[in-house]
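Here are my comments for you to read beside the model. Keep the structure open and look for each residue as it comes up.

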Amino acid sequence: MRTTDVLTSQFVVDTPFISGTLNDWLFPADLTEWQECLDALDAGQAITWREAARGPSLSIERDEADERLRVTIRDNVMTLTTVTVTVPLADSWFDDAYDRLEQVWKTLPPTEGD
(Lines give C-alpha, C1' and ligand atoms only; values in the text may rest on other atoms or scores of the structure.)
Protein backbone atom coordinates (compact mmCIF):
# COMPACT_ATOMS: atom_id res chain seq x y z
CA MET A 1 0.00 0.00 0.00
CA ARG A 2 1.17 3.52 -0.71
CA THR A 3 1.45 5.11 2.71
CA THR A 4 0.12 8.50 1.58
CA ASP A 5 -3.16 7.20 0.13
CA VAL A 6 -6.03 8.16 2.36
CA LEU A 7 -9.48 9.63 1.85
CA THR A 8 -11.65 11.56 4.24
CA SER A 9 -15.04 9.97 4.70
CA GLN A 10 -18.24 10.54 6.55
CA PHE A 11 -20.78 8.19 8.10
CA VAL A 12 -24.19 9.85 7.78
CA VAL A 13 -27.43 8.92 9.55
CA ASP A 14 -30.47 10.97 8.59
CA THR A 15 -33.93 9.86 9.65
CA PRO A 16 -36.95 11.80 10.90
CA PHE A 17 -36.02 10.70 14.44
CA ILE A 18 -32.22 10.89 14.51
CA SER A 19 -29.51 12.47 12.41
CA GLY A 20 -25.78 12.78 12.74
CA THR A 21 -22.44 12.54 10.99
CA LEU A 22 -19.10 11.05 11.91
CA ASN A 23 -15.91 11.91 10.04
CA ASP A 24 -13.21 9.31 9.48
CA TRP A 25 -10.34 8.25 7.22
CA LEU A 26 -10.46 5.53 4.58
CA PHE A 27 -7.50 3.62 3.24
CA PRO A 28 -7.39 1.41 0.11
CA ALA A 29 -7.68 -1.71 2.29
CA ASP A 30 -10.96 -0.32 3.70
CA LEU A 31 -12.30 0.02 0.17
CA THR A 32 -11.28 -3.51 -0.72
CA GLU A 33 -13.05 -4.75 2.40
CA TRP A 34 -16.15 -2.68 1.50
CA GLN A 35 -16.22 -4.32 -1.96
CA GLU A 36 -16.16 -7.74 -0.29
CA CYS A 37 -18.88 -6.68 2.14
CA LEU A 38 -21.11 -5.40 -0.67
CA ASP A 39 -20.71 -8.69 -2.53
CA ALA A 40 -21.61 -10.67 0.61
CA LEU A 41 -24.58 -8.44 1.41
CA ASP A 42 -25.79 -8.71 -2.19
CA ALA A 43 -25.64 -12.51 -1.74
CA GLY A 44 -27.93 -12.22 1.31
CA GLN A 45 -25.31 -12.39 4.06
CA ALA A 46 -25.03 -10.05 7.05
CA ILE A 47 -21.85 -7.99 7.06
CA THR A 48 -19.66 -5.96 9.38
CA TRP A 49 -17.29 -3.53 7.71
CA ARG A 50 -14.19 -2.21 9.50
CA GLU A 51 -14.81 -4.36 12.58
CA ALA A 52 -11.08 -4.60 13.31
CA ALA A 53 -10.32 -0.98 12.39
CA ARG A 54 -9.63 1.81 14.81
CA GLY A 55 -12.69 3.97 14.36
CA PRO A 56 -16.29 3.37 13.39
CA SER A 57 -17.65 0.10 12.05
CA LEU A 58 -20.76 -0.57 10.00
CA SER A 59 -22.96 -3.67 10.31
CA ILE A 60 -25.83 -4.45 7.95
CA GLU A 61 -28.37 -7.26 8.16
CA ARG A 62 -30.98 -7.90 5.48
CA ASP A 63 -34.60 -8.61 6.38
CA GLU A 64 -35.77 -10.36 3.22
CA ALA A 65 -39.39 -10.60 4.37
CA ASP A 66 -39.80 -6.84 4.78
CA GLU A 67 -37.18 -5.83 2.20
CA ARG A 68 -35.38 -3.71 4.77
CA LEU A 69 -31.85 -3.27 6.01
CA ARG A 70 -30.95 -3.04 9.68
CA VAL A 71 -27.90 -0.76 9.77
CA THR A 72 -25.71 -0.30 12.85
CA ILE A 73 -22.85 2.18 13.14
CA ARG A 74 -20.55 1.72 16.13
CA ASP A 75 -17.96 4.23 17.23
CA ASN A 76 -16.04 2.67 20.10
CA VAL A 77 -13.19 5.20 19.92
CA MET A 78 -14.28 8.83 19.72
CA THR A 79 -17.97 9.24 20.58
CA LEU A 80 -18.57 5.84 22.22
CA THR A 81 -21.93 5.76 20.45
CA THR A 82 -23.88 3.04 18.66
CA VAL A 83 -26.82 3.81 16.39
CA THR A 84 -29.11 1.28 14.70
CA VAL A 85 -31.69 2.25 12.10
CA THR A 86 -33.93 0.23 9.82
CA VAL A 87 -34.17 1.45 6.24
CA PRO A 88 -36.11 0.25 3.20
CA LEU A 89 -34.11 -1.73 0.66
CA ALA A 90 -34.80 0.08 -2.61
CA ASP A 91 -34.21 -1.78 -5.88
CA SER A 92 -31.47 0.70 -6.79
CA TRP A 93 -29.56 0.47 -3.47
CA PHE A 94 -26.92 -2.01 -4.63
CA ASP A 95 -26.45 -0.29 -8.00
CA ASP A 96 -25.92 3.01 -6.20
CA ALA A 97 -23.49 1.48 -3.69
CA TYR A 98 -21.41 -0.18 -6.42
CA ASP A 99 -21.45 3.01 -8.53
CA ARG A 100 -20.20 5.07 -5.58
CA LEU A 101 -17.44 2.56 -4.90
CA GLU A 102 -16.40 2.65 -8.55
CA GLN A 103 -16.14 6.45 -8.39
CA VAL A 104 -13.95 6.20 -5.29
CA TRP A 105 -11.69 3.64 -7.00
CA LYS A 106 -11.19 6.17 -9.80
CA THR A 107 -9.94 8.65 -7.19
CA LEU A 108 -7.83 6.16 -5.27
CA PRO A 109 -7.01 3.17 -7.48
CA PRO A 110 -6.01 -0.07 -5.77
CA THR A 111 -2.36 -1.06 -5.75
CA GLU A 112 -0.66 -4.43 -5.49
CA GLY A 113 -1.39 -5.96 -2.10
CA ASP A 114 -4.58 -3.93 -1.43
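1. The second largest pocket holds about 200 Å³ of space. Remember that this is a predicted model. Twelve names make a long list, so take the lining by strand. Strands β1, β2 (19–26), β5 and β6 each supply at least two lining residues. Strand β2 gives the most, with four. Among the lining residues are F11, V13, I18, T21, L22, I73 and V83.

2. What is the make-up of this lining by class? The second largest pocket has six nonpolar, five polar and one charged residues in its lining. D75 is one of the residues to find there.

3. Now turn to the largest pocket. Its volume is about 1000 Å³. It is lined by 28 residues, and those closest to its centre are Q10, W34, L58, W93 and R100. By class, the lining has 21 nonpolar, four polar and three charged residues.

4. Which element gives the most to the lining of the largest pocket? Strand β1 does, with eight residues. Helices α1 (28–42) and α2 (93–107) each supply at least two, and so do β4 (57–63), β5 (68–75) and β6 (81–88).

5. Next, the aromatic rings. The model has three aromatic pairs. One joins F11 and W49: the ring centres are 6.1 Å apart and the planes meet at 40°. Why is this pair called tilted? An angle under 30 degrees would count as stacked and one over 60 as edge-to-face, so 40° falls in the tilted class.

6. The F11–W49 pair links distant parts of the chain. F11 is in strand β1 (residues 7–14) and W49 in strand β3 (residues 47–49), 38 residues apart. F11 has a relative accessible area of 9% and W49 has 7%. Both values are under 20%, so both residues count as buried.

7. W93 and F94 also pair, this time edge-to-face, with centres 4.9 Å apart and 85° between the planes. Are these two buried or partly exposed? W93 is partly exposed at 25%, whereas F94 is buried at 11%.

8. Ring pairs also link F11, W34 and W49 into a cluster. Look at W49 once more: the charged end of R50 sits over its ring, 5.6 Å from the centre.

9. Finally, check S9 in strand β1. S9 is buried, with 14% relative accessibility. Beyond its neighbours within four places in sequence, S9 is in contact with L22, N23, D24, W25 and L26.

Key
Residues are numbered from 1 along each chain as its sequence is written. This is a predicted model: local features need pLDDT of at least 70, side-chain atom pairs count only at pLDDT 80 or more; totals for chains, interfaces and linings use all residues. Side-chain values use heavy atoms; hydrogens and water are left out. Rings of Phe, Tyr and Trp (its six-membered ring) pair if their centres lie within 6.5 Å; planes under 30 degrees apart count as stacked, over 60 as edge-to-face and the rest as tilted. Buried means under 20% relative accessible area, exposed over 50%, partly exposed in between (1.4 Å probe, protein chains only). A charge sits over a ring if NZ of Lys or CZ of Arg is within 6 Å of the ring centre and within 35 degrees of the ring normal. Contact means heavy atoms within 4.5 Å. On a 1 Å grid over the protein atoms alone, a cavity is a set of points where a 1.4 Å probe fits but cannot get out, and a pocket is an open set with protein on both sides within 12 Å along at least five of seven lines; lining residues have an atom within 4 Å of a point. Grid points are joined across faces, edges and corners, and a volume is the space filled by probe spheres set on the points. Ala, Val, Leu, Ile, Met, Phe, Trp, Tyr, Cys and Pro count as nonpolar, Asp, Glu, Lys and Arg as charged, and the others, Gly among them, as polar.
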